[in-house]
Amino acid sequence: MSFSKPNRSAATVTTTRVDPSPGSGLCSACLDGCEGPCEVGRSALKGREMIYPQPFGLITAGAEKDYPIDFSHFNIQGTCVGAVGTKPDSDLAIFPAVDCSTALGADGGLEMDFPVFTGALGSTEIGRVNWEDIAVGAAISGVIVVAGENICGMDPKAEFKNGRVSKSPEMERRVSAFRKWYNGKGGVLVQANVEDTKLGVPEYVIEKLGVEIFELKWGQGAKDIGGEVKLPTLERALQLKSRGYIVLPDPTNPLVQAAFKAGGISEFERHSRLGMVDEDAFHKMVAHLRETGAKYVTLKTGAYRPADLARAIRYASDTKIDLLTIDGAGGGTGMSPWRMMNEWGIPTVELECLTYRMCERLRKKKAYIPPIAIAGGLSLEDHIFKALALGAPYVKAVCLGRSIMTAAMVGKTHSKLMAEKFSHTGESIEQGYLRLFAVSAQLKERFGKDFAKLPAGAIGMYSYIDRLRQGLQQFMAGARKFAVHYINRNDLVALTREAADISGIPYVMESDQEEIDKILG
């Protein structure tokens, strides 16, 4: 069987005329005269534009490859005995009493009300448009929001001196949106890639904007090349090429300009350069960020080969960074090459199992192991529990990219629909929110007159996290674990031999054997 679905996908707005051949994805009978609704056919007209999910700026996309092992191959263990983190008393050991908070940072000082944070919202249009909703949602939920790569470089109003950013209204907007609603938990994290470092983004956001959490980016799960966006105008393409970005096709070429004006080329692509990891340079950059004023320094790496995962964990250990985010294949994107999303990298479960093995080796050497977060295709409370358990005690949080954006966008959309429907009644925003959102009562009680100032998308995101919280509390109570740090690998059971082999989690028919022998004799 094929794990992949080549040549047709909703992500690329393509399909086949008849059932395809499993391997190639081409129609089992390709007809001369067909207009070509498949990826190959559309590539005959639009070429490289068909590499990416569409339409850019309006969607996020998640990989379709059906990997042999995923989190569904594990189940959460429950028990009817005892309680960890509270007294084994039925009146005390109730699921609302479960503590879902977590702490990151080498000193444990970066506290969050819930063990999730957002994916990186960088220079993609969908990230820019939805930033305020997600940043405010993170602030009122007490979690981290991540400002991704290339924000300053893509800011049309950014100012530069000697090739380094001196002012970026867009970055200022992003930081201030979170701070207006900050409640003392979580934070705003700014990420940098190769271009950001060249443009002086770390120094600008730390020194001038007071950002305390800064992340170096090696990669992500959705792709193993640099960040990419599409540009709808020639003017933007020329501007970004002048700032040192790779822009394709070359907007300075007169023939390309003519093709764009004629309609043959409908958009340009802005690409980031490949990062080149070097141990000594990494140590120096971490030291520089701390000297510049960063309170917390973090690292994000992608679904690279196992040796690169070892490098990330070892370098993070040696420099005592505050968080290492590991992003597995099968996750989501605002813009990544579609086939690359599906056909490169190590899937999330396998990557986390490798992470656990490597952390165990360092633990035996009594080395520092940073708090770790897992990302890559996660969305619901069972995913959160399983990710925390599979990598326990090293995994402290989960990065939710597309799902958080989905919740914010749906909240925003329904608010707009409601406003259109009830505009003739004179209904206030507050009344509308109370009608629309189940969490409105608790937010109204918390924020009072400021409740109506909350962006609708932020309420949608808060509502989603509130659901995740109760769902996780229920799973944890069933496992009799009343705080996140009590979750461990014994709380999982493998449903297949293969899942047991790669993870070290006992196969379901072999779980609890020692205890069974003690009970039965």
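## From a buried lysine outward

Lys 217 counts as buried, because its relative accessibility is 15% (buried is under 20% relative accessible area, exposed over 50%, partly exposed in between, with a 1.4 Å probe and protein chains only). The model is predicted, so local features need pLDDT of at least 70 and side-chain atom pairs pLDDT 80 or more, while totals for chains, interfaces and linings use all residues. Residues are numbered from 1 along each chain as its sequence is written, and side-chain values use heavy atoms, leaving out hydrogens and water.

What does the side chain of Lys 217 meet in a salt bridge? The partner is Glu 149, at 3.1 Å from N to O (a salt bridge puts a side-chain nitrogen of Lys or Arg within 4 Å of a carboxyl oxygen of Asp or Glu). This pair links distant parts of the chain, 68 residues apart. Lys 217 sits in strand E10, and Glu 149 in the loop between strand E6 (144-147) and helix H4 (151-154) (helices, H or I of at least four residues, and strands, E of at least two, are DSSP runs numbered from the N terminus). Glu 149 is buried too, because its relative accessible area is 9%.

Lys 217 also belongs to a pocket. It is among the lining residues nearest the centre of the second largest pocket, together with Trp 218, Gly 275, Met 276 and Val 277. The whole lining has 29 residues. Helix H6 (194-198), strand E10 (213-217), helix H10 and helix H11 (306-319) each supply at least two of them. The pocket holds about 670 Å³ of space. On a 1 Å grid over the protein atoms alone, a pocket is an open set of points with protein on both sides within 12 Å along at least five of seven lines; a cavity is a set where a 1.4 Å probe fits but cannot get out; lining residues have an atom within 4 Å of a point. Points join across faces, edges and corners, and a volume is the space filled by probe spheres set on them.

Next come the closed spaces. The count is 2 cavities of 30 Å³ or more. The largest holds about 40 Å³. Which strand gives the most to its lining? Strand E5 (residues 116-121) does, with 4 residues. Phe 117, Thr 118, Gly 119 and Ala 120 are in the lining. Val 146, Gln 191, Glu 215, Lys 300, Thr 325 and Cys 399 line this cavity as well.

Back to salt bridges, of which the model has 22. Arg 174 pairs with Glu 170, with the closest N and O atoms 2.8 Å apart. Both residues lie in helix H5 (residues 169-179), 4 residues apart, or about one turn of the helix. An α-helix has 3.6 residues a turn, so residues three or four places apart point the same way. Arg 174 and Glu 170 are both buried.

Asp 491 pairs with Lys 481, and here too the closest N and O atoms are 2.8 Å apart. Both partners sit in the loop between helix H18 (456-478) and strand E19 (492-494), 10 residues apart. Asp 491 and Lys 481 are each buried. Elsewhere, salt bridges with shared partners join Lys 65, Arg 339 and Glu 343 into one network. Those three residues also line the second largest cavity, along with Ser 4, Lys 5, Glu 64 and Asn 342. About 30 Å³ of space lies inside this second cavity.

Helix H14 (381-390) is mostly covered, with 9 of its 10 residues buried. Among the buried ones are Glu 381, His 383, Ile 384, Phe 385 and Lys 386. In the loop that runs from H14 to strand E18 (395-400) stands Pro 393. The peptide bond from Ala 392 to Pro 393 is cis, with omega near 5 degrees. A cis bond also runs from Leu 248 to Pro 249, with omega near -15 degrees. Pro 249 lies in the loop between strand E12 (246-248) and helix H9 (254-262).

Two loop residues deserve a look at their backbone angles. Lys 320 is not a glycine, yet its phi is positive, at about 55 degrees. Lys 320 lies between H11 and strand E15 (323-327). Is Lys 320 buried or partly exposed? Partly exposed, because its relative accessibility is 46%. Asp 512, also not a glycine, has a positive phi of about 65 degrees. Its loop connects helix H19 (497-503) to helix H20 (513-520). Asp 512 is partly exposed, because its relative accessible area is 39%.

Strand E15 holds Ile 326. Ile 326 is buried, because its relative accessible area is 1%. From Ile 326 to Met 341 the C-alpha distance is 16 Å, with their positions 15 residues apart in sequence.
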